[in-house]
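Here are some notes on how two chains meet. Please keep the structure open while going through the points.

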Amino acid sequence: MRFGIVVFPGSNCEEDALHAARDLFGQDADYLWHKDADLKGADVVVLPGGFAHGDYLRTGAMAPFSPVMGPVREFAARGGPVLGICNGFQILLEAGLLPGAMLRNRGLKYRCEHVHLRVERTDTPFTRAARQGQVLRIPIGHGEGNYFAPPDALAAIERNRQVVLRYTDAAGRLADAANPNGSVNAIASVCSASGNVVGMMPHPERACEPLLRGEDGRVIFESIIDWFRSAGRRALQPSVGAP
Amino acid sequence: MPIDPQVLERHGLTSDEYVRLVALLGREPNMTELGIFSVMWSEHCSYKSSRVHLRTLPTEGPQVLQGPGENAGAVDVGGGLAAVFKIESHNHPSFIEPYQGAATGVGGIIRDIFTMGARPIALLNSLRFGDLDAPGTARLLDGVVSGIAGYGNSIGIPTIGGEIAFEPVYAGNPLVNVFCLGIAPAAEIVKGIASGAGNPVYYVGAKTGRDGIHGATMASAEFDDRSAEKRPAVQVGDPFMEKLLLEACLEVMKTDALVGIQDMGAAGLTCSTAEMGARGGAGIEIDVALVPQRETGMTPYEIMLSESQERMLLVARRGREAEVERVFEKWDLHAVRIGEVTADGMLRVRAHGTVVAEIPNRALTDEAPIYHRPASPPEYLAAAQQLDLDADARRRPSPNDALRSLLGSPTIGSKRWVYRQYDHMVRTNTIVLPGAGAGVVRLKGTDRALAISLDGNGRYCYLDPRQGAMLAVAEAARNVACAGARPLAATNCLNFGNPERPAIMWQFAEAVQGIGAACRALDVPITGGNVSLYNETDGRAIYPTPVIGVVGLLEHADRALTRSFSGSGDLIVLLGEGRGELGGSEYLKVTQGLVRGRPPALDLAAERALQLLLVELAEARLIRSAHDCSDGGLAVALAECCFDTQGTGAEIAIDAPGAAREAALDTAAALFGESASRAIVSTTGDALAGILARAASRGVPARVIGQTGGSAIRIAVAGVTAIDLAVDDAEQIWIAAVTRHLTKHAA
């Protein structure tokens, strides 16, 4: 399958995502420049981590206005799988493709460390190879990953089962000390109502090799590759206006 | 404005230097020219006090692709790749404005690396502050760490390690030394050179403002209570702009439309034009009216001296302008043509066509003053070197308590609170995470990895600058070897006081001698670095503090080692020998408040043998962990080997070194003495014979001192249990060593 990895000015994890998709999983992968008008045949779109446009206004606030986001929205509306990692998640929130918003980390410090995550949903294209309740150890690296949604919206998110990953301890238990940034309901990842758009603060591409002392991120890539093999082609709606 | 003594003083120029300036120019300078001379002849840019000493350093070797004199040094790391690296200080700006001072230090060193055509892949830093409990230290630490994080995290280069020490002497003058390493194809290293008359000179990056005017002069003066007034001389960093510049410059370099490139760091447009011209034996003519400006009404003087950040100067090939401009347009940057290369060797500055400055480049660079400043040993030295261990024995704590105190001291304790604020994993190359030993990054597309360590010990250098500097080189190279990497080359950041004082100049000269001797013996040539003088506040100098960065090569990334034991039942082997040397030790400082004695002895041949042995053992996969014994001695090193292992303990037995008449003191010397050229390694039983045989053939003392297991750190000295501490308790003390002082700041 073909990964399209969107590069905004200020993105800085695009090479890591490309390395994982292409070198570790043997998939076709290429960059999409933020000024591009189409997705160049991508089967999955990844918005990588970084500081798009410097994140000076608000994290992810400028990127939704880049030309490439038009085709990304359309792709998502057709059921195309879109993964936002870290800054990519923040951009999906600002773009309105996912519910909620990010606040500065509780403690006001950037945090880079391994965390534990419990898989809450295994019916998204990015988690289908995981087990329900599986605990993953994957690094985070962010200053604004304190997920927030107002009570009504939060209730809807929980009711619709849009939480994909939660911060837990190594045994999969919710614990305040295991929540690295103060996210409401320990939410580390959410998906769209239809499940095909997923945003996550942790960096799965940083945990795919024994050399990096952790391989739990592989399940995210294995999921999307498996999804494409088995369901992807059928699931994707034809593009509106496509020839 | 007439040029009178007051004007000269404000420009940091002496009357003798002014006479020299007039002679070189053949006339009186105007104010713009005076400003240009003042920054180029500042200590920071000219190295006028240090140059005669720096010339004695070894800078060559088959591995060296680029020695000192360019924006950064470069070494061959195999496979057609070069590692480009350098260390630089940002001490003065960081004291005045910690966040921006540290941030712009990081920005500056990154520019030095990508200017050479290298993709930056790792940052490290070496920081020194006053006592952590002293007023203001926590604020400085927090600001500096936030600034480093703010810049490095945003631009996406991992900060993979470094060191932090706390000593009262740095209270009024913290040290912020930043290191960057990048990778380039060895054949494609780009230089800061201007040549080819008629070739266009481009300016690209942030607009020029009035910030940072005379930053280089500020870094060449002592501090006093008016230093806070110098705030406008500190610049503000924009990592996003630098990220765009980095990507655009690397992309432009892939075309061959570029002749040379240099960043505008200290002394801004002045330094970049003069140095590029001088290196190429050419001249550069620019018109300051064409320089993009952030403020209105800027004079040529201000434009030439501004140190606004994130700006680059490029020389392109004539006829290839469109290619260069197109790359920068892609990144929404505008390359502005501000002049051209000339054949006359002059730096000629125009303003709307009118010549406002005209100076031979060589007068600014090669002809800058060079001083053989007088040097004599400081008065404190003889007394400070005296240490009667037995007489000082009265206040001695029990070994267990001493170990607790050392593990809880902020200099030795865990720096997790610091490094978890740095993105140390971006680029997915970091295979040894911060805090576990030397920083190690793998080189994608190869089997190799690079290990990097920054080390310095101001206390040792205060007590014996030559010995202390040698020990710093040895420790940095040893740390790299403990990771399994063969030390390749070094960079140095020399932080000292006012060189106009003979005692300081003596410290400097001695330290450089020590660095030279150690680098020669350990085969780590110096490829570049930075000198920071005038580190004084109100006449009180810092400890002389050379910081050494050593880069080493692992042929197999998957054989990199950390300090942590791998599990229970492994044998613990001590390589090297303890001689019970407590002089200048962390033990004396922490438990008795003493900064006395002579630093440990160093046999460079023995050190070299140990390092080669460590690399050989790692390469042959005979050892499972390796850790250097330095600050806090064997006891602290052993405890650190037990940390981050989920509580694996260790039990060892060692001899008393016979360093003191009294048995209890001898025990302390055995546990906490900081004898050099030692490492603790762990291994499985079946590999032991191979280790001992290889050690014997290299002449390195090696013996089994115990094994891993249990949940306590137990050390017997001469058959008597001296240390018995639960690993969990020890680790808690160690983890809280910094944060317990930061209750208001800690997350």
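1. pLDDT is the predictor's confidence in each residue, on a scale from 0 to 100. This is a predicted model, and chain B averages a pLDDT of 94. In chain B, 96% of the residues score at least 70. For the complex, the predictor gives an ipTM of 0.95 and a pTM of 0.96.

2. How many residues does each chain bring to the contact? Chain B brings 40 residues and chain A brings 28 residues.

3. The size of an interface is often given as the accessible area lost when the parts come together. Here chain B and chain A bury about 2,800 Å² between them, and 57% of that lies on carbon and sulfur atoms. Of the area that chain B buries against chain A, 21% is supplied by B:Phe240, B:Arg420 and B:Met425, more than any other three residues supply.

4. Charged and polar pairs also cross the interface. The rule finds eight salt bridges between chain B and chain A. A salt bridge joins the side chains of B:Arg119 and A:Glu15, at 3.7 Å from N to O. In addition, 14 residue pairs are in polar contact across the interface, with both residues at pLDDT 80 or more.

5. Which elements of chain B give two or more residues to the side that touches chain A? They are α8 (137-155), α10 (239-254), α13 (321-330), α17 (416-419) and β14 (430-432). The largest share, five residues, comes from α8(B). By class, this side of chain B has 15 nonpolar, eleven polar and 14 charged residues.

Methods. Residues are numbered from 1 along each chain as its sequence is written. Chains are lettered from A and ligands numbered from 1 in the order in which they are written. Side-chain values use heavy atoms; hydrogens and water are left out. Contact means heavy atoms within 4.5 Å. Buried area is the accessible area (1.4 Å probe) that two parts lose on being put together, summed over both. A salt bridge is a side-chain nitrogen of Lys or Arg within 4 Å of a carboxyl oxygen of Asp or Glu. A polar contact is a pair of N or O atoms within 3.5 Å; within protein, one must be able to donate a hydrogen and the other to accept it, and residues adjacent in sequence count only if both atoms are side-chain atoms. Helices (H or I, at least four residues) and strands (E, at least two) are DSSP runs, numbered from the N terminus. Ala, Val, Leu, Ile, Met, Phe, Trp, Tyr, Cys and Pro count as nonpolar, Asp, Glu, Lys and Arg as charged, and the others, Gly among them, as polar.
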